[in-house]
Amino acid sequence: MAATAPPVDLGPARGPGRAGPVRLARRFGPVRILIALTCAFFFLWPVVMVAVGAFRTALPGQAGNTWTAGRIAKVYTDGSTYSVLWQTVVLAVSVTVLSTLIALFFAWVVARTDTPLRQVVTPVMVLVLAMPPMFFAIAWDMLGNKRVGMLNQGLAWITGSDAGSSGGPFNVESWYGLILVCSLKAASFSYFMVLGPFLTMDRSVEEASLISGAGRIRTFFRIHIPMLTPAISSASLLTLIAFLEGFDIPAIIGLPAGIRVLPTQIYNYINATFGGQYAQASSLALMLIALVTALIVVQAKLLGRRRFTTISGKTYRTGRWRLGPARWACTLAIVVFTLLALVLPLVQLYLGSLQPFFGLFQSWTLDNYHAIFEDPEVVSALENTAYLAVFGGLAAIAAALVLTKVVNTTGGAVTRFISFSTWMPMALPGVVLGLGMMWSYLTVPGLAKLYATVWILLIGLFVSAIPVAMRSAEGALVQVPGDLEEAARMSGAGRVRAFCRMVIPLITPSLLSGWLLAGILIAGNLAVPVLLASPDSSTVSVVVLELYKQGDVTKSAAVFCVILTVLLAAGILAGAVRGAFALRRRARHRSAARAAGPSGTSGATGPSGGAAVL
């Protein structure tokens, strides 16, 4: 009878993937608490102070305050408040519906059809998405000017009419103009939200529908749309939130047409000619925060328990529909969208920057460029914007990398709080964030010194860029398997060293892209600096807004052209760096393959060689 070894007590069983997070949580508990407090300070405290400010009578940073609910009650019982709310909802819903339809159409064209020029759509969408909203708004405000805009001038030339006195048929400063411009901008974002599911959808599901007798149109609405519900709802929700919060385009195009939305009304309260009405602004901000939060909760409830499958475990096909003559109509749609969303606005900006007076299509000159580089205020704004974009973007992606690592490797209530807090800036309109920071920093004696400096601008823009930086960091870290870091730790490296030496070099190209994206968002941000900037710490967006208000349109166009050229150069440089990293990685793989070639060949001849090759 064989002897039986006595049982060995190995302690409580630890399932895979649980022991590591538990040990990390115990070891880094104080660190996580410190990170959570830091997140609360940067991301949640401004929200709390907005709520507090609605009940204060004193201005931010002033003494003699008394508490009252009278001002918030006055705002909520004022009929004009609900008129503004109605216009905000109409704009957001209209833009959401139109931009989602545009995005669905082009995603279907790219992923499912044989349309010529479909390869152009994705690069165009990337460029439209990268263009800051204020740049896009001013370009279209110039392009669609009723009298001297290039669009109406072109129509007048084609029809032989005169657009100078009475104006042309198209006026961008109107409801339809505002909705069109916002939808063209929003469609680029929604497109990328729905393109991936379209590309990976199983074609056999379509074939089953077609074999059952359903036509292509019925298949699209009965098969494609239900299967794409998560992507469509996510794109629609985020677009709805973005244009409930949107400030740049409504401020440039909407206000001249008498269209007021909640963010522009908050700005008007703060910049009232008879004194800033900060309590009223905070009251409207609370309404906007509640509306956005309710939308996020509704989306989570609707989609939280539903499952949607677009790819099965079996082999699937992604064949294209042959549209026949209809493909040329789709090609025409691609050309029209490219002209309206990218080519014409950029041409208008660059031509406008060369005009001595806006609307004068002759006597081209570089005087506007000479003027902006000789203007100390513009030069200072360019320097400040470059500083904020570079260091603010770097701080955002570095903080996002640390926060993402903490969230992904630890558990517990503190970690969930950190994850939740990083989403809060997304629910805050830029104007509300600026207002919250005014209340937060001006009411604390030590922090009040930061106000009207470049440092408070850096903090505000850093906070506004965190949600996007977090998504970039998450996408980068998910590319690296955890066993690489574990192998480094087994070789004697500590956690920090293993992460810095193994993970960061592998995700550097993705981090550079996230840095560039965060920098672009910061450089084009208007809503935060418009409340926090001072004459000594102004940014390009604020300076251009003032120039535009003063009627110096050609000079503002020249400033934007300089910024766009710099951003384009930065994008090309980032692409070159990513390409260099990719070539270096391929060269290493080839070298490793050549070094392992002889041993792999000889190993294949022996009995163990086959196992080694497998």
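Start with the whole chain in cartoon view: the secondary structure comes to 26 helices and zero strands. Helices (H or I, at least four residues) and strands (E, at least two) are DSSP runs, numbered from the N terminus. This is a predicted model, in which local features need pLDDT of at least 70 and side-chain atom pairs count only at pLDDT 80 or more, while totals for chains, interfaces and linings use all residues. Residues are numbered from 1 along each chain as its sequence is written, and side-chain values use heavy atoms, with hydrogens and water left out.

**Colour by confidence**

Colour the chain by pLDDT, the predictor's confidence in each residue, from 0 to 100. The average is 78, and 77% of the residues score at least 70. Select residues 1-21, where the pLDDT is below 50; beyond near neighbours in sequence, this stretch has four contacts in the model. A contact means heavy atoms within 4.5 Å. Then select residues 305-316, where the pLDDT is also below 50 and the model has 16 contacts beyond near neighbours in sequence. Where pLDDT is low, the predicted coordinates should not be read in detail.

**Surface and interior**

Switch on the surface. The protein exposes about 29800 Å², and carbon and sulfur atoms supply 67% of that area; accessible areas come from the Shrake-Rupley method with a 1.4 Å probe, and for residues only the protein chains shown count as cover. Of the 614 residues, 45% are buried. Buried means under 20% relative accessible area, exposed over 50%, and partly exposed in between (1.4 Å probe, protein chains only). Among contacts with a separation of 6 or more, 77% are between residues 24 or more positions apart.

**The largest nonpolar core**

Hide the surface and select Met134, Trp140, Tyr191, Ile266, Phe337 and Leu435. Which residues touch the most other members of the largest nonpolar core? These six do, in a core of 150 residues. Such a core is a set of buried Ala, Val, Leu, Ile, Met, Phe, Trp, Tyr and Cys residues joined through side-chain atoms within 4.5 Å. Helix H20 (residues 454-477) gives the most to this core, with 15 residues.

Centre on Leu435. Leaving aside neighbours within four places in sequence, Leu435 is in contact with Val50, Ile266, Ile270, Tyr278, Ala281, Ser282, Ala285 and Leu531. Two of these contacts, Ile266 and Ile270, lead to helix H13, where both are buried. Helix H13 spans residues 262-270, and eight of its nine residues are buried. Those eight are Leu262, Pro263, Thr264, Gln265, Ile266, Tyr267, Tyr269 and Ile270.

**Helix H15 and the loop beside Leu117**

Next select helix H15 (residues 326-353), which holds Leu339 and Thr331. Thr331 counts as buried at 9% relative accessibility, whereas Leu339 is partly exposed at 34%. Not counting residues up to four places away in sequence, Thr331 touches Thr115, Pro116 and Leu117.

Move to Leu117, in the loop between helix H4 (79-112) and helix H5 (121-130). Leu117 has a positive phi of about 70 degrees although it is not a glycine, and is partly exposed at 40% relative accessibility. Now show Leu117, Val120, Val335, Leu339, Val343 and Val347 together: they make a nonpolar surface patch of about 390 Å². Patches are made of residues with over 30% relative accessible area and no salt bridge, like charges being joined within 9 Å and nonpolar side chains (Val, Leu, Ile, Met, Phe, Trp, Tyr) within 5 Å.

**Two stops on the way**

In helix H4, pick Val93, which is partly exposed at 40% relative accessible area. Val93 and Ile241 are 148 residues apart in sequence and 9.7 Å apart in space, C-alpha to C-alpha.

Then pick Thr66, in the loop between helix H2 (29-53) and helix H3 (70-76). Thr66 counts as partly exposed at 45% relative accessibility and touches Phe55, Arg56 and Thr57, not counting residues up to four places away in sequence. The C-alpha atoms of Thr66 and Phe55 are separated by 8.3 Å.

**The salt bridge**

Finish with Lys555 and Asp375. How many salt bridges does the structure hold? It holds one, between Lys555 and Asp375, the closest N and O atoms being 3.1 Å apart. Lys555 lies in helix H25 (residues 553-603) and Asp375 in the loop between helix H16 (367-374) and helix H17 (376-409), so the pair ties together parts that are 180 residues apart in sequence. A salt bridge here is a side-chain nitrogen of Lys or Arg within 4 Å of a carboxyl oxygen of Asp or Glu. Lys555 is buried, with a relative accessible area of 12%, and Asp375 is buried at 18%.
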